[in-house]
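Here are my notes for you, as numbered points. Keep the structure open beside them and look up each residue as you go.

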Amino acid sequence: MTQAPETRRPRQRPADDGTQTGAGPAVGRPVDRVDGAAKTSGAVRYAAEHPHPRLAHGTLVHATIARGRITAVDTGAAEAADGVIAVLTHLNAPRMTPPRPVSMLDLSTLVPGTSVNYLGTDEVAWNGQPVAVVVAETLEAAQAAARLVEFRYRETPAVTDFAAAQDSAEPLPKSFIAPGDARKGDAEGALATAPVTVDRRYTTPAQNHNAIEPHATTAVWDGDRLTVHDSSQSLDWTRRHLARCFGVPPSGIRVLAEHVGGGFGGKGSVWAGTLLTVLAARATGRAVRMALTRESVYRTVGGRTPTVQRVALGAGRDGTLTALVHTGVTRTGRAGGTTEPFSSQSRHLYATPNLLVGHKAATLDVVPNTFMRAPGEAVGSFAVESAMDELAVELGMDPVELRMRNEPDRDPLGGKPFSRRDLRGAYALGAERFGWARRDAEPRSMRDGRFLVGWGVATAFHMPARFPADVSVRLRSDGSVLLRCAFHEVGVGASTAQSQIVADALGVPVSAVTVEHGDTDFRTGPMAGGSGQTASVAAAVLAACEDVKRSVLRLARRDAASPLHRHRFRDVRAGRGRLFPAGAPDGGETYAAILTRAGVPEVEGRTGADSRAGRALGQARFMTGMLRDRRRWVRAATGAHFCEVRVDSDTGETRVTRWLGVFDVGRVINAKTARSQLRGGIIMGIGAALSEETLVDPRTGRVMNPGLGEYQIPVHADIPPIGIEYLDEPDPTTPLGLLGLGEVGITGVAAAVANAVHHATGVRVRDLPLTPDRLL
């Protein structure tokens with residue numbers, strides 16, 4: 001067996017922007033990414049780029065029926081092909097333990113993408129399910145041999161038509177990401193008596209993530225020890241899931257994902273590619289790499305479910321809401337899948353005495369859907385924010401004024417206070433910067449030659465998650481600092497933000513901080529999802545840095561020659577690489593001087609327990625605290641989108657030509673990466689609005705456009721200049737005032753585009769995407 005070589009870790013240093021001297025706070029500044037030079041020079045490695053001796057390559061073979069059983073397999077031609085090492089099917093593959101059901105009490109059970117026991121059964125659960133793995137000396141040999149494997153099936157009746165299955169949909173149970181149905185007052189009764197009403201049906205299609213890096217895994221066994229390089233957003237969950245499936249302790253598994261080329265939720269679960277790469281490595285005794293083709297990603301990794309939503313609004317003639325109803329149907333797979341809580345934002349957006357939200361799901365024999373950027377809110381905001389625009393038209397009222405008239409002081413559903421919320425400020429700033437006052441409210445009233453010009457707005461809303469996180473922070477006698485945590489860098493600048501937080505907490509330059517991440521040998525980090533990673537890690541970083549400063553002060557207090565000899569911790573501050581008495585920044589002494597004189601090479605602060613029992617206790621305490629936190633207030637990132645479109649009056653082609661987003665996302669750690677994140681969400685939302693749609697054959701359940709040649713995502717020419725503003729006011733209930741902003745940017749985007757299109761053309765499109773055929 002081969003042992004994985006030590007991972008290369010390029011030292012990460014930011015460019016000098018004034019934070020290098022430690023003269024001012026780093027948090028809030030547009031610090032250059034600490035991994036920028038390493039990435040642009042090719043020094044970093046992704047999951048499919050780590051070298052291993054005797055590396056073999058794996059390729060999947062996919063089922064071609066929606067449901068049934070395998071009756072015969074012919075692998076002879078494939079096994080005889082040049083370079084083939086093994087062809088694994090349910091007839092000869094080593095056995096894995098199937099995934100266990102998801103539990104609210106154990107976050108580790110959230111990770112399975114499906115309940116399928118891959119290559120452990122002759123059952124087929126969807127069209128595209130992996131039914132064989134071909135392992136060969138080269139990728140080309142594996143792919144060629146995979147085309148030679150033949151299967152015969154006995155098909156059984158399958159449900160693959162979402163439209164036809166909606167009548168059989170059942171209510172969704174309450175879960176970690178779905179709050180369940182809710183009601184306040186009598187919404188239907190109030191709707192029936194309201195002076196002005198809007199009652200509409202909206203639909204959104206299935207969508208896929210299309211990260212720039214397709215899913216990839218490199219796995220190597222050394223006896224019962226396993227090393228896995230994986231394009232994962234959830235390292236710890238992946239390790240625990242692999243431990244269960246392969247019958248080894250988590251301590252015997254090392255999962256690495258130092259850099260991930262985008263995820264957006266699609267890499268938050270453990271899918272077939274990861275499991276079957278590990279299985280193939282065990283079966284062959286070789287290091288095995290599997291880099292999925294774009295088509296294999298579509299066939300094996302869940303995307304976003306389609307939705308059919310009803311939004312009904314009742315209001316007085318002054319625009320005051322009297323009723324809000326938001327219900328609908330989504331899809332889930334018979335073999336598993338997550339929910340899409342599309343009414344999440346509708347519980348909290350608008351003041352109304354009568355509120356009804358409800359979800360149902362139809363079970364289909366298709367690849368299970370999963371988390372996708374802003375699960376629920378991304379598609380739910382399209383429906384509710386489009387309906388608000390329709391109500392504004394019915395009332396003859398400005399859509400911004402209508403929203404502000406119904407802006408709640410407390411949570412509309414439960415009456416809890418908001419931890420912070422200034423949508424009024426976001427809309428006021430956005431309206432001023434966008435020039436909203438110049439908008440002519442009449443549809444089709446604004447033109448530029450043959451182009452119809454329209455302006456639209458919509459509210460952004462997302463409730464960030466919180467996860468357990470532990471870190472270690474080492475301060476060395478040369479004044480440098482090392483932060484280690486198994487968090488993820490999925491392209492968002494996470495290591496840069498944490499460098500800034502450490503720098504301010506210890507009072508050192510950003511250039512003195514090195515961050516190592518993406519390795520389960522480090523302290524357990526959170527999932528990169530739910531807009532919660534930065535805040536979750538920051539809380540642990542701040543605690544660990546406090547321990548470091550206390551340890552340094554204890555060394556100084558033992559030394560009668562130290563100017564800090566008699567100082568208490570509460571009277572000491574950190575800055576410019578030193579500890580000093582409060583009010584005397586030139587006093588005290590440097591960390592390097594204190595540690596060197598004490599003969600101590602480094603001090604370490606860390607959070608979390610080292611034992612399994614201690615970690616379990618810590619997770620239980622975290623869950624208890626999170627639930628208590630949710631009972632106290634509603635914490636959410638919010639924003640206001642302002643959009644301009646031009647629609648070709650001859651062809652119906654829509655172009656977004658100007659965008660401004662103004663966000664209330666708490667304190668911003670890095671002004672540069674924050675804007676990049678928010679722009680990224682808006683771009684993804686523009687794609688969902690205008691072009692993105694996963695087409696599923698309703699007869700067979702087969703994805704018909706599994707690749708970027710047929711699935712249309714935006715390119716540079718489709719995206720206008722995007723202005724980003726944020727209020728940068730801290731949330732008083734979170735560490736450093738952080739809220740989280742990875743997902744709020746996409747929410748409301750599709751509605752803003754649809755509302756602008758209506759303003760331009762007078763045509764109301766309630767079905768995404770807004771393609772030309774729906775306008776002509």
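1. Let's begin with Ser-531, which you'll find in the loop between strand E21 (513–517) and helix H13 (533–557). One thing to know before you go on: this is a predicted model. Is Ser-531 buried or exposed? Its relative accessible area is 13%, and the cut-off for buried is under 20%, so Ser-531 counts as buried. Its side chain has a partner too: a polar contact of 2.8 Å joins it to the side chain of Glu-743.

2. Stay with H13 for a moment and find helix H12 (residues 494–506). The axes of H12 and H13 come within 10 Å and cross at roughly 30°. Angles under 35 degrees count as roughly parallel, so that's the word for H12 and H13. As for handedness, H12 passes H13 in a right-handed crossing.

3. Now try another pair, helix H16 (residues 671–690) and helix H17 (residues 749–761). They pack with their axes 8 Å apart, at an angle of about 55°. That angle makes H16 oblique to H17. Their crossing is right-handed.

4. Don't leave H17 just yet, as there's a nice detail in the segment after it: that's where Pro-769 lies. Which kind of peptide bond joins Leu-768 and Pro-769? A cis one, with omega at about -5°. It's worth a look because most peptide bonds are trans.

5. Helix H7 (residues 272–284) gives you a sum to check. With 13 residues at 1.5 Å a residue, H7 should span 18 Å, and its end C-alpha atoms are indeed 18 Å apart, so the two agree. H7 is also mostly covered, as 10 of its 13 residues are buried. Among the buried ones are Ala-272, Leu-275, Val-278 and Ala-281. Just after H7 comes Gly-285, with a positive phi of about 70°.

6. Do the sum again for helix H9 (residues 377–395). Its 19 residues should span 27 Å at 1.5 Å a residue, and the end C-alpha atoms are 26 Å apart, which agrees. H9 is mostly covered as well: 17 of its 19 residues are buried. Right after H9, Gly-396 takes a positive phi of about 70°.

7. Those positive phi values were in glycines, so what about other residues? Most residues other than glycine have a negative phi. Phe-264 goes the other way, with a positive phi of about 60° although it is not a glycine. You'll find Phe-264 in the loop between strand E12 (253–256) and H7. Phe-264 is partly exposed, since its relative accessible area is 32%.

8. Ala-374 is another one to look up: its phi is positive, near 60°, and it is a residue other than glycine. Ala-374 sits in the loop between strand E16 (355–364) and H9. Buried or exposed? With a relative accessible area of 0%, Ala-374 is buried.

9. Next, go to His-326, in strand E15 (residues 321–333). His-326 is buried, because its relative accessible area is 0%. Which side chain does His-326 contact? Its side chain makes a polar contact of 2.6 Å with that of Ser-346. Also compare His-326 with Gly-376: they are 50 residues apart along the chain, and their C-alpha atoms are separated by 12 Å.

10. Thr-114 is a good one for practising contacts. It is in the loop between strand E3 (84–88) and strand E4 (123–124). At a relative accessible area of 6%, Thr-114 is buried. Its side chain reaches the backbone nitrogen of Val-116 at 3.1 Å. There's also a polar contact of 3.1 Å between the side chains of Thr-114 and Tyr-118.

11. Last point: the cysteines. A disulfide is a covalent bond between the sulfur atoms of two cysteines. How many disulfides does a search of the whole structure find? The count is 0. Two cysteines to look up are Cys-245, which is buried with a relative accessible area of 4%, and Cys-643, buried with a relative accessible area of 0%.

Terms used. Residues numbered from 1 in each chain as written. Predicted model: local features only at pLDDT ≥ 70, side-chain atom pairs only at ≥ 80, totals over all residues. Heavy atoms only, no water. Helix = DSSP H or I, 4+ residues; strand = E, 2+ residues; numbered from the N terminus. Buried < 20%, exposed > 50% of the residue type's maximum accessible area, 1.4 Å probe, protein only. Polar contact = N/O pair within 3.5 Å; in protein donor to acceptor, adjacent residues only side chain to side chain. Disulfide = S-S within 2.5 Å. Expected span 1.5 Å × (residues − 1). Axes fitted to C-alpha atoms, helices over the stretch in contact; angles between N-to-C directions. Parallel < 35°, antiparallel > 145°, perpendicular 65-115°, else oblique. Left-handed = near helix turned anticlockwise from the far one by under 90°.
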